[in-house]
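Trainee: Please take a close look at one part of this model, the buried interior, and then relate its surroundings to it. I should like each term explained where it is used.

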Amino acid sequence: MSHAIQDRPLSVAPRRGTLSHARLPRWTPAAVAAGSVLAGVGTGLAAGWHSKVQWGLISALLFVLVTYALTTKVEGSRQAKDRVATSLVWVCFVLAVVPLLSLAWVTVSKGLAVLDGYFLTHSMNGVLDAEAGGGIYHALLGTVEQVGIATLIAAPIGLLTAVYLVEYGGGKLAQAVTFFVDVMTGIPSIVAGLFVLTTWNLTLGFGPSGFAGAMALAILMMPVVVRSTEEMLKLVPNELREASLALGIPKWRTILKVVLPTAIGGITTGVMLAVARITGETAPVLLLVFGTKLINPNPFEGAQSSLPLYVYEQYAVGTDAAVARAWAAALVLIAFVMILNLVARGIARWKAPKTGR
Amino acid sequence: MAKRIDVSGLSAYYGAHKAIDDISMTVEPRSVTAFIGPSGCGKSTFLRTLNRMHEVTPGGRVEGKVMLDDENLYGTNVDPVAVRRTVGMVFQRPNPFPTMSIFDNVAAGLRLNGNYKKSQLNDIVEKSLKGANLWNEVKDRLNKPGSGLSGGQQQRLCIARAIAVEPDVLLMDEPCSALDPISTLAIEDLIGELKERFTIVIVTHNMQQAARVSDRTAFFNLAAVGQPGKLIELDDTERIFSNPSVQATEDYISGRFG
Ligand SMILES: Nc1ncnc2c1ncn2[C@@H]1O[C@H](COP(=O)(O)OP(=O)(O)O)[C@@H](O)[C@H]1O
Ligand SMILES: [Mg+2]
């Protein structure tokens, strides 16, 4: 007789067993959040506070306190603690996302002003710092070449080092290598730049070039590649190695055909993240690549430019036109790194071991 | 070509720890020999010494002799890779290669060893899958990943992969312990067929299974935890289960310990 139950007027509360209790409606957190923000903004406006940070803090505090009070009243103290923890997580999430979004917003809004086809395809040749015009072609080319060369050096060495550490290591040598990789992870980029400067440029007598910068970038990239590849190889189940060895497949082919393909998605992501990291490096580029306004397609001879270096130079000039160029270049830099990340994710998904039926 | 295994005075170590002590036995060709015994008595370790997989474990070390017909697996100049092509292995948990299709899984041993003719590959894969009683279930999806099969199918895929390289001996370490009763039965039937062509050694925790599939049964035991495991007796399965010559065997089989 379900009719009878449904037809009962709502005002008659259903009889509660010990397992159920009063619950706040599902929209409560959203409503409390909206109310807190309104209250925060209202207080801020009324008191005439200039800083938006204060508005935000008041809102966040109100949100947590009101949630706690309301839940304690209606649902009980255990649920209140649960809700407060959830609220704190949300507040932290917003705190983390706000700067990120505002950074993206500022870069996009300021960068789009001068970003166009001309900007991407022309250098600063003959453009005075103070005047508008010019572009980043030379810097983009430099970044692609330097990062490309650095990856060509660092990725194979890093990959092979990781294979050695995971598949063959275990002795004193492996411990020493792990130690030095850890130390290398902590090298400040300017020190890597100085190292290449003293050996390659001062001792061996070469001039500034994209290649010199690429070597410093490779030094920074290598430990990151080793670490991430190592972690990925460790994730490959030992059973797969044994299954392969038990088929009479030699160890090197087991690594090449079973272990690496199983881990290739994660390894690619790791390498791409390392690439993204060095793409934004400024210090070693400043020391070793030197910077130029002209297009120099040869990374082995003469000064080049690069995106972070270009941003730095233009911002230092300080005129409106130069600052606009700096923002546009920064936007291109972010887009470049983001595209690399997307490519990495794509490859990781495409190459990941398939589980579907 | 099924071969006879003749083990004499075999001990195996993990670093300083001696896992099995002074084992000698003969395994007849074209027969199924079951290893039974309590956990930790070294059945897996002993099995892995028979195709030189024991030394893959860090610190793994072996003393003694394993004759395969008239060749000592532990002789000088013996290549462990060649040994493993002759003595295949199926593991406790099904472990198909996750990046490979069903076809590639079966072909893996041949492809990665490099000794096959392209034209033969299709035939060998079909023959091996038929040999593992899996052909009818997968013939329409050979290009799908092997990890999409059920546990029992995956285990038969691993058996197909192992017999595709035409070994002389097939070692199985508790091949059914991760499977349901129906899949277990399928694999037991398969073992009965495979013994026409291979020498089979199977580790099992299931007495009924040992009684059902094996011709000879070896009972292993250890004096105490931490002590090395020993071979207590090896005899015809019928005799072991009806009238064993050692009291410990009878105690174990009748469930009085272990
Ligand atoms: N990888 C290993 N490293 C060290 N000791 C091991 C390893 N594998 C097994 N052992 C030891 O060897 C002994 C025999 O183990 P195992 O052969 O796995 O027994 P079973 O298969 O009969 O259960 C046990 O004492 C076990 O602790
Ligand atoms: Mg075992």
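Mentor: The account below starts in the interior, turns to the helices and loops, and ends with charged pairs and the surface.

The model is predicted, and for that reason local features are given only at pLDDT of at least 70 and side-chain atom pairs only at pLDDT 80 or more, while totals for chains, interfaces and linings use all residues. Residues are numbered from 1 along each chain as its sequence is written, chains are lettered from A and ligands numbered from 1 in the order in which they are written, and side-chain values use heavy atoms, with hydrogens and water left out.

A nonpolar core is a set of buried Ala, Val, Leu, Ile, Met, Phe, Trp, Tyr and Cys residues joined through side-chain atoms within 4.5 Å. Buried stands for under 20% relative accessible area, exposed for over 50%, and partly exposed for the range in between (1.4 Å probe, protein chains only). The largest nonpolar core has 78 residues, of which B:Ile5, B:Met25, B:Phe35 and B:Phe46 touch the most other members. Helix α9 (residues 210-235) of chain A contributes the largest share of this core, twelve residues; helices here are DSSP runs (H or I, at least four residues), as strands are (E, at least two), both numbered from the N terminus. Another core, of 41 residues, lies apart from it and includes B:Leu129, B:Met172, B:Ile187 and B:Leu194. In soluble globular proteins, nonpolar side chains tend to be buried together.

Which residues surround B:Ile5? Leaving aside neighbours within four places in sequence, B:Ile5 is in contact (heavy atoms within 4.5 Å) with B:Met25, B:Thr26, B:Val27, B:Leu50, B:Val66, B:Met67, B:Leu68, B:Val169 and B:Val201. B:Thr33, in strand β3 (residues 32-36) of chain B, is buried at 2% relative accessibility. Not counting residues up to four places away in sequence, B:Thr33 touches B:Val27, B:Ile200, B:Val201, B:Ile202, B:Ser214, B:Arg216 and B:Leu234. A further buried residue is B:Ser128, at 6% relative accessibility, in helix α4 (residues 118-131) of chain B. With the same four places in sequence left aside, the contacts of B:Ser128 are B:Val106, B:Ala160, B:Ile163 and B:Ala164.

In chain A, helix α3 (residues 52-74) has 23 residues and, at 1.5 Å a residue, should span 33 Å, which agrees with the 33 Å between its end C-alpha atoms; the expected span is 1.5 Å times one less than the number of residues. A:Trp55, A:Ser59, A:Phe63, A:Val64, A:Thr67 and A:Thr71 are buried in α3(A). Those buried residues pack against α2 (28-47) and α4 of chain A. An α-helix has 3.6 residues a turn, so residues three or four places apart point the same way.

Two loop residues of chain B deserve a check of the backbone. B:Asp69 has a positive phi of about 50 degrees although it is not a glycine; B:Asp69 sits in the loop between β4 (60-68) and β5 (71-72) of chain B and is partly exposed at 39% relative accessibility. B:Glu166, also not a glycine, has a positive phi near 50 degrees.

B:Glu166 leads on to the charged pairs. A salt bridge is a side-chain nitrogen of Lys or Arg within 4 Å of a carboxyl oxygen of Asp or Glu, and 24 are counted over all chains. The side chains of B:Glu166 and B:Arg197 form one of them, at 3.6 Å, N to O. This pair links distant parts of the chain, 31 residues apart: B:Glu166 is in the loop between α6 and β7 of chain B, and B:Arg197 is in the loop between α7 (181-194) and β8 (199-203) of chain B. B:Glu166 is partly exposed at 41% relative accessible area, and B:Arg197 is partly exposed at 33%.

In chain A, A:Glu75 and A:Arg83 form a salt bridge at 3.1 Å, N to O, and both residues are buried. A:Glu281 and A:Arg277 meet at 3.4 Å, N to O; A:Glu281 is buried at 14% relative accessible area, whereas A:Arg277 is partly exposed at 37%. A:Asp182, A:Arg227, A:Glu230 and A:Lys234 are linked in a network of salt bridges.

Finally, on the surface, A:Trp90, A:Phe93, A:Val94 and A:Val98 form a nonpolar patch with about 420 Å² of accessible area together. Patches are made of residues with over 30% relative accessible area and no salt bridge, with like charges joined within 9 Å and nonpolar side chains (Val, Leu, Ile, Met, Phe, Trp, Tyr) within 5 Å. Accessible areas come from the Shrake-Rupley method with a 1.4 Å probe, and for residues only the protein chains shown count as cover. Within the patch, A:Phe93 belongs to helix α4 (residues 77-111) of chain A and is partly exposed at 48% relative accessible area.
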